[in-house]
Amino acid sequence: MKAIFKLFASVCLLATTVGFAQETATTPLRYTASNKGKFYVYWGGNRGYYTNSDIRFRGEDYDFTIKDVKADDKPKGWHVDYINPGRMTIPQTNLRIGYFITDKYNISIGVDHMKYVMRQNQTVNYSGEYYGAGSYGEQVAGHPDQVKLTEEFLKFEHTDGLNYLNVEVNRVDDISKLFRIYNTDKIQVNVTEGLGFGIIYPKTNTTLLGKDRYDEFHVSGLGFSAKAGLNVTFFKHFFVQAELKGGFIDMYDVRTTDNKKDKAFHNFWFGETVIAFGGIFKL
């Protein structure tokens with residue numbers, strides 16, 4: 001009797017194993033189940049946020065520092081310029097191209113085209129010396145250690161732009177099951193995190209003490225960043241991605257005028273909110 005029971009159990013186990021193997025063989029692996037070898041590209045827009053910074057201006061006949069300076073970005077909101085080929089570089093934009101080296105990790109290169117605008121007419125403390133003091137409408141009565149940042153005295157913007165050209169290493173994890181989504185080839189929800197490092201390549205718009213501005217792109221410093229984001233992919237290939245990014249920028253060689261000896265120096269922490277649209281595919 002025991003021999004018959006063991007034989008019956010063995011037959012059942014064999015049938016179950018064969019059936020499972022056949023089901024596995026006939027169930028195709030979803031396209032979204034594996035990322036290794038895929039490329040992606042996205043394009044979107046950002047808002048930028050900056051901590052206050054001390055900015056030093058140095059030249060042949062001046063050397064002064066304005067302190068705790070406030071700055072903002074220069075958003076356009078939802079605008080057709082984001083998709084107008086002739087004007088796509090005018091808004092604050094993000095472009096990134098990446099490649100998955102494993103199912104979870106990818107390496108990407110991109111540019112965060114932010115804009116940095118010093119608030120005009122704010123009153124700040126300063127130290128140092130400059131020529132023509134008092135002739136730019138900048139002096140504050142009763143406060144010899146303060147200046148008002150009038151346009152005649154100083155205009156300082158990275159508006160074309162605060163370009164952060166960087167390399168990122170990112171991780172992506174599928175969390176679709178948390179939302180009871182099982183056919184990820186139709187819709188897939190992912191979280192992503194990453195670290196980045198790169199150069200700052202702005203065209204700085206500066207008018208300083210009546211001097212002519214320097215109107216060329218110039219490598220002005222370095223930056224590093226970290227980010228976290230949510231990615232929703234539709235029909236295998238198309239996605240929308242929202243990111244929160246933050247980091248530090250050190251601008252140690254900002255050109256301010258045609259004279260190579262005229263330079264500015266400052267560093268600050270920055271934050272970004274990004275919304276981007278893109279595609280992912282295998283070649």
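Strand β11 contributes four residues to the lining of the largest cavity, and this is the largest share that any element provides. The model in which this cavity appears is a predicted one. The structure contains one cavity of 30 Å³ or more, and the space within the largest cavity comes to about 240 Å³.

The wall of this cavity can be described by residue and by element. In total, 20 residues line the largest cavity, and those lying nearest its centre are Phe-100, Val-172, Asn-231, Gln-241 and Ile-280. At least two lining residues come from each of the strands β1 (38-50), β10 (154-174), β11 (187-200), β13 (221-234) and β14 (238-255). By chemical character, the lining comprises 10 polar residues, seven nonpolar residues and three charged residues.

A second feature is found on the surface. There, Val-41, Leu-95, Ile-97, Tyr-99, Ile-101, Tyr-105, Ile-107, Ile-109, Val-167, Val-169, Phe-281 and Leu-283 form a nonpolar patch of about 1,100 Å². Two or more residues of the nonpolar patch are supplied by each of β5 (93-100), β6 (105-118) and β10. Strand β10 thus takes part in both features: it gives at least two residues to the cavity lining and two or more to the nonpolar patch.

One member of the patch may be examined individually. Val-167 belongs to strand β10. Is Val-167 buried, partly exposed or exposed? Its relative accessibility is 43%, and Val-167 is therefore classed as partly exposed, since that class lies between the limits of 20% for buried and 50% for exposed residues.

Key. Residues numbered from 1 in each chain as written. Predicted model: local features only at pLDDT ≥ 70, side-chain atom pairs only at ≥ 80, totals over all residues. Heavy atoms only, no water. 1 Å grid on protein atoms, 1.4 Å probe; cavity = no way out; pocket = protein on both sides within 12 Å on 5 of 7 lines; lining within 4 Å. Points joined across faces, edges and corners; volume = space filled by probe spheres on them. Nonpolar A, V, L, I, M, F, W, Y, C, P; charged D, E, K, R; others polar. Patch = residues over 30% accessible without salt bridge, like charges linked within 9 Å, V, L, I, M, F, W, Y side chains within 5 Å. Areas by Shrake-Rupley, 256 points an atom, 1.4 Å probe, with all protein chains shown as cover. Salt bridge = Lys/Arg side-chain N within 4 Å of Asp/Glu carboxyl O. Buried < 20%, exposed > 50% of the residue type's maximum accessible area, 1.4 Å probe, protein only.
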